[in-house]
Amino acid sequence: MRTEIHIPVKRRDLRDFIRLILAFFLCLIATALYQNITLFSAGVLDSVLNKSLLLLLVHHLGFVSLTALFLVFPYKFLEQLKANAGFKMVSLCLVVLLGAEGLLIKYYVDNYEILGAGFIERVEALGGWSFLYYTPVFFFFAVVLLYLSYRITANVYPLVNRMYPFTLIIFSLFLATLITRKNPVNENKTQHLIYHQFEELTDFNKYDGQEEYPLLKTYEPVSGLASHFALKEESPNLVFIVMDGVGSDFVGEKAPFKEFMPFVNSLVNTSLYWPHSLSNTGEAVASIPSIFGSLPSGEEGFTNLESLPQSYTMFDLLNDNGYQTSFYFGGNISLENLGKFLHEEEVGLISGRKAFGPGYKAQEQDAAGISLGYPDGELFRKWFDDFTSYDRPRLDVFLTQSTRSPFLIPSPDDYRKKVDEISENVQMTDRNKRLIRKNKEIFASLLYTDQAVRTFMEGYRRKAEFYNTVFVITGTHNLSELPQKDYLGRYRVPLILYSPLLKSPARINSLVAHTDILPEVAGLLNAKYRSTLPEKVSWLGNGLVHKGFFRQDKVIPLYRHRGNLQEYIRGGICLSGNSLYGIGADLSLYEPREVQKKDELIASFKEFRAINRYVTRNDKLIPGNLLATDTVNTEKERSEMVWINSVFNSDDYDNAFKTARDLAISGDRDRALLLCEHILKEVPGHADTEILKGRIYAWNKQYDQAAKLLEKTVKKYPVYADAYSALLDVYFWSDTNYKALDLKAVIIKNRIYNKELKSKIQRAEEKMKKDKTLFNDHNLGYLKFEDDGYE
């Protein structure tokens, strides 16, 4: 009788699991090398072994650690149930992950972009399904690689041989990767895809409509304002004064504190005035995309979006129709990426706090030793100092800031005395008098800004441009430092259109918002001048003039702060969360006895929130082919970003500038210029990069381009000596030294006493002396140098 001998299958222990994990990491190292070798062969990367490869390996290590955390417990559990079950399960999972990583890298090196949320639609749009043909090949290699790597690890055993310390170590490795910056070129592609797919799946309020561009609509010109104006043959100049924190509490017929802005209130009776006007946001910077773009806010505010969607704004409209555009702000223009937004909109001159020279006095520092920048009076004075008449219409935008916390203004004691005088001599409720006493600095700042606006308007009146100018005056939101009676209080703002072109003043009772301004301006210009406009637009608003108080189909989204979409108006109903309110004639809210179609209104709000997120996340405001933009090679653009990510992997743009400078010095000017473009796209106010870009143009003998850029840089940063130095070099190399005399006057005005500049101006003057005729023609007041400065 034969005796059967049963040899038990040996159960796997933690040692085998660790070997699998190490093998998996070795395989990922191989995929990283495959990616970089392929990109190097295509000429995208400068080398295979670089910093981005090291970062990629670090992120692979984090992914391996996370994978181990998820698999170690089921591995132990299955091994307890049945020998080898856990080992087979983990092996299969690792093969799948490795094969997926290979496929995603294949897609990345072919298309220079990483797949994330909505990857199926993206692959379809690019016609990239062909990469799936490689699936069997990649999974075969995954099996072979994992097997070979596992064999390699036979003699390698980690120092950790117990479950508890092992999980601590791999968890620590995973946490370490969370604080490192990830770019597509150095990120684990599988982890990126899983994360974004999970985020999309857990988003339960998703846009599921059929239209790819849900806000896109055929442009139908509105002309409600045309009958109020006697427009001239030339297009009118436009001046926007957007006052931070100035709401309807301070301006308007029924404003409880209108005595603190007497000049602005005096314009109400001589202008077109909307008593029922709302801001779409409760923040200053966030109001700019609403006013000038009629744009949705997204989840974090439009200017804070990681990638700004294509849009058609007032800046685009006026640039297309021959306007000279400028934006003036006394604070940090990089605040909430405002400068980036304005830069992408190609605003002609963007002037922030860096543009103010020594002749301007900054706002006092607060208790933390921080100054916001320059007060409103200095802001307007800066514009007058910069003023140049053009042979074309102009748009000038001012964003004020003196009426925002901490409300520090010049001569505060004088304005506080005026506050006391007003509160004593004007009839008002005891409650309002108590508010004034407790917030005296706020009301003093209102008086100061009102005086600054008065001075600006009086100065502008003396210019020839005044008689063909439309002034638009509004506020960003009502001050949150003062109590509001209801949810709408924060959004109530004045809206005034003042102009010598008006036939007569008028009070327009339509319920309107900031998002209605752009459609109305476009309609006004189109009615008279047949402006260039796209066939379709994605503007949220629909004009400032309509019959009656409410327009039943009108939708006004209200973003309380950042992208926090909390209130929503449709017709005469305001939704705040799930609560519904009726809107009274003075924009007060009341609880209606009965609301018809309540569920429909709530569903509409929910749908708009989903659309708001969808269009801003996925660049679905307006198709690029409807915009008058230059055709770009998107594949080339993506390959350039791969290279940029390989040499720059942080938020330290000063370090990126140094890299660009080193590239330029070493002779690789094309790469240096590419990195400069990227830095300026992300940080438009990076002066050193602008100067380097100008120098590179000059070194390439593109003198006109270099001079144009550096002249703009000098205007934006008038106290930055390096900008003048670079521009003087351009004038010298291009043999236009006569321009150095005008620049010399600017240098003297801004008190820049610099030996290098002195030497370069003397160099230009000496060269001009060789041609006496040229020198005499352009000698507009010969200024000599002294050892201690300029005369």
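What should the 28 residues of helix α1 (residues 14-41) span at 1.5 Å a residue, and how far apart are its end C-alpha atoms? The expected span is 40 Å and the end C-alpha atoms are 41 Å apart, which agrees; the expectation is taken as 1.5 Å times one less than the number of residues in the helix, and helices (H or I, at least four residues) and strands (E, at least two) are DSSP runs numbered from the N terminus. The model is a predicted one, in which local features need pLDDT of at least 70 and side-chain atom pairs count only at pLDDT 80 or more, whereas totals for chains, interfaces and linings use all residues. Residues are numbered from 1 along each chain as its sequence is written, and side-chain values use heavy atoms, with hydrogens and water left out.

At the start of α1, a side-chain oxygen of aspartate 13 comes to within 3.0 Å of the backbone nitrogen of arginine 15, and the helix is followed by glycine 43, whose phi is positive, near 80°. No disulfide (a pair of cysteine sulfur atoms within 2.5 Å) is present, the computed number being 0. Cysteine 27 has a relative accessible area of 0% and is therefore buried, where buried means under 20% relative accessible area, exposed over 50% and partly exposed in between, with a 1.4 Å probe and protein chains only. Cysteine 676 is likewise buried, at 0%.

A nonpolar core is a set of buried Ala, Val, Leu, Ile, Met, Phe, Trp, Tyr and Cys residues joined through side-chain atoms within 4.5 Å. The largest such core has 72 residues, of which Phe229, Phe240 and Phe327 touch the most other members. A second, separate core of 50 residues includes Phe263, Leu435, Tyr448 and Phe471.

Aromatic pairs, formed by rings of Phe, Tyr and Trp (its six-membered ring) with centres within 6.5 Å, count as stacked with planes under 30 degrees apart, as edge-to-face over 60 and otherwise as tilted; the structure holds 34 of them. Phenylalanine 87 and tyrosine 150 form an edge-to-face pair, 5.6 Å centre to centre and with 65° between the planes. Because phenylalanine 87 lies in helix α3 (residues 85-111) and tyrosine 150 in helix α5 (residues 135-152), this pair ties together parts that are 63 residues apart in sequence. Phenylalanine 87 counts as buried at 12% relative accessibility, as does tyrosine 150 at 11%. Phenylalanine 398 and phenylalanine 456 form an edge-to-face pair, 5.0 Å centre to centre with 65° between the planes, which links phenylalanine 398 in strand β7 to phenylalanine 456 in helix α15 (residues 440-461), 58 residues away. Phenylalanine 398 is buried at 0%, and phenylalanine 456 is buried at 0%. Ring pairs also join a cluster whose members include Tyr328, Trp383, Phe398, Phe456 and Tyr460.

Strand β7 (residues 394-399) also holds arginine 394, which is buried at 5% relative accessibility. The side chain of arginine 394 makes a polar contact with that of aspartate 396 (2.7 Å), a polar contact being a pair of N or O atoms within 3.5 Å; within protein, one atom must be able to donate a hydrogen and the other to accept it, and residues adjacent in sequence count only if both atoms are side-chain atoms.

Aspartate 386, in helix α12 (residues 376-386), is buried at 16%, and its side chain makes a polar contact with the side chain of tyrosine 328 (3.0 Å). Aspartate 386 and lysine 715 are 329 residues apart in sequence but 8.3 Å apart in space, C-alpha to C-alpha.
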